[in-house]
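Visitor: Please take me through one part of this structure in close detail. I am new to this, so keep the steps short.

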Amino acid sequence: MGRWTQYDEDDYRLPEGVKRIGYDGDTGCYYFRDREGVVYKGPEGSEFGELTQITQLPVTVSAEADGDNDVEAAPARGDGYQPLAVDEHGSRHALRGGAYRTLFPFFLIIAVILLLIWRLAFSPTLAAPAPCPSTTIPYIIQPGDNCWEIARRYNSTLDKFRIVNPKVVCSDLHPGDRVCVPDEGSSISRVF
C-alpha cells in the first residue's frame, strides 16, 4: 500500500467548511479560513492541530485567497507556479536575471579551466629554441621543404644535417620551425 491515504487530506482532517489558505515560513504556522471568513492559525510546527482564531493575517499569507483555491495544489499561472510570498508593501518578487544568473560563476570557472588547458596543451611554448652551433646556419623551414633539399641547398649532406639536428624528424617538418644547417666547409662528425 502506498504512503498516501485520504486521511492526510484537508477535507478529512479539518472541520467542515474550513480551508487552508496559506503558510508562514517564518513562524512555521498554517492559516485557515472558514465559511464566514474568520481566519484561524494552526499550531507552530504542525500541519494540523488546535486552531486559534486571529484578527489579522501576516504579510506572507495572501488575503485574497478564496475558499475554492487550494494554494498548494492549484497554481494560478499558466507555467505552473504561484508566488505565495509578498513583501511588506504587498508586491510580489520576480527573479531578475533568470535562473541562469546563479549558474554564471560555475560556467565562468569551467570556461577559465578550459582556456588554461587549451593554452598549456595546444599552444606553442614561448621559450626560444636553442641557438645553433657556431659552425651552422639557422634556417626557417618553408612549405614544401624536406631535409635532403635543405642540406643540398647549403652544399651539405643529409648525414651532417641529421648530426646537427638530432631531434628533427625529417618526415614531419612544419613550416616556421627552425633547423640548423651545416656550413659548406665545416667538418662535422658524430661524437659518441
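Guide: What follows is a close look at one strand, its partner and the core around them, with a few other places for contrast. Keep in mind that the model is predicted.

Start with strand 6, residues 178-182. Is this strand enclosed or open? Four of its five residues are buried, so strand 6 is largely enclosed by the rest of the structure. The cut-off for buried is under 20% relative accessible area.

Now find the partner. Strand 5 covers residues 136-140. Five bridges join strand 5 to strand 6, and the two run antiparallel. Pick out one pair of positions: Ile137 stands opposite Val181 of strand 6. Here is a general point about strands. In a regular strand, side chains alternate between the two faces of the sheet.

Next, look at the largest nonpolar core. It has nine residues. Val179 and Val181 belong to it, and so does Tyr139. The other members are Ile141, Cys147, Ile150, Ala151, Phe161, Leu173. Strand 6 and helix 3 (147-153) each supply at least two residues of this core. Which element gives the most? Helix 3 does, with three residues. There is a general trend to recall here. In soluble globular proteins, nonpolar side chains tend to be buried together.

Stop at Cys147, one of the core residues. Set aside its neighbours within four places in sequence. Cys147 is then in contact with Leu158, Phe161, Cys170 and Leu173. There is also a second, separate core of six residues. Among them are Leu14, Tyr30, Tyr40 and Phe48.

Follow the chain on from helix 3. A loop lies between helix 3 and helix 4 (158-164), and Asn155 is found there. The phi angle of Asn155 is near 55°, a positive value in a residue other than glycine.

For contrast, turn to the surface. Nine names make up a nonpolar patch there: Tyr100, Leu103, Phe106, Phe107, Ile109, Ile110, Ile113, Leu114 and Ile117. Together they have about 930 Å² of accessible area. Ile109 sits in helix 2, residues 104-122.

Last, try Thr52 in strand 4 (residues 52-54). Thr52 has 45% relative accessibility, so it counts as partly exposed. What does Thr52 touch, not counting residues up to four places away in sequence? It touches Val39, Tyr40 and Lys41. Thr52 and Val39 are 13 residues apart in sequence. In space they are 8.5 Å apart, C-alpha to C-alpha. Tyr40 you have met already, in the second core.

Definitions and conventions: Residues are numbered from 1 along each chain as its sequence is written. This is a predicted model: local features need pLDDT of at least 70, side-chain atom pairs count only at pLDDT 80 or more; totals for chains, interfaces and linings use all residues. Side-chain values use heavy atoms; hydrogens and water are left out. Buried means under 20% relative accessible area, exposed over 50%, partly exposed in between (1.4 Å probe, protein chains only). Two strands pair if DSSP finds at least two bridges between them. Patches are made of residues with over 30% relative accessible area and no salt bridge: like charges are joined within 9 Å, nonpolar side chains (Val, Leu, Ile, Met, Phe, Trp, Tyr) within 5 Å. Accessible areas come from the Shrake-Rupley method with a 1.4 Å probe; for residues, only the protein chains shown count as cover. A salt bridge is a side-chain nitrogen of Lys or Arg within 4 Å of a carboxyl oxygen of Asp or Glu. A nonpolar core is a set of buried Ala, Val, Leu, Ile, Met, Phe, Trp, Tyr and Cys residues joined through side-chain atoms within 4.5 Å. Contact means heavy atoms within 4.5 Å.
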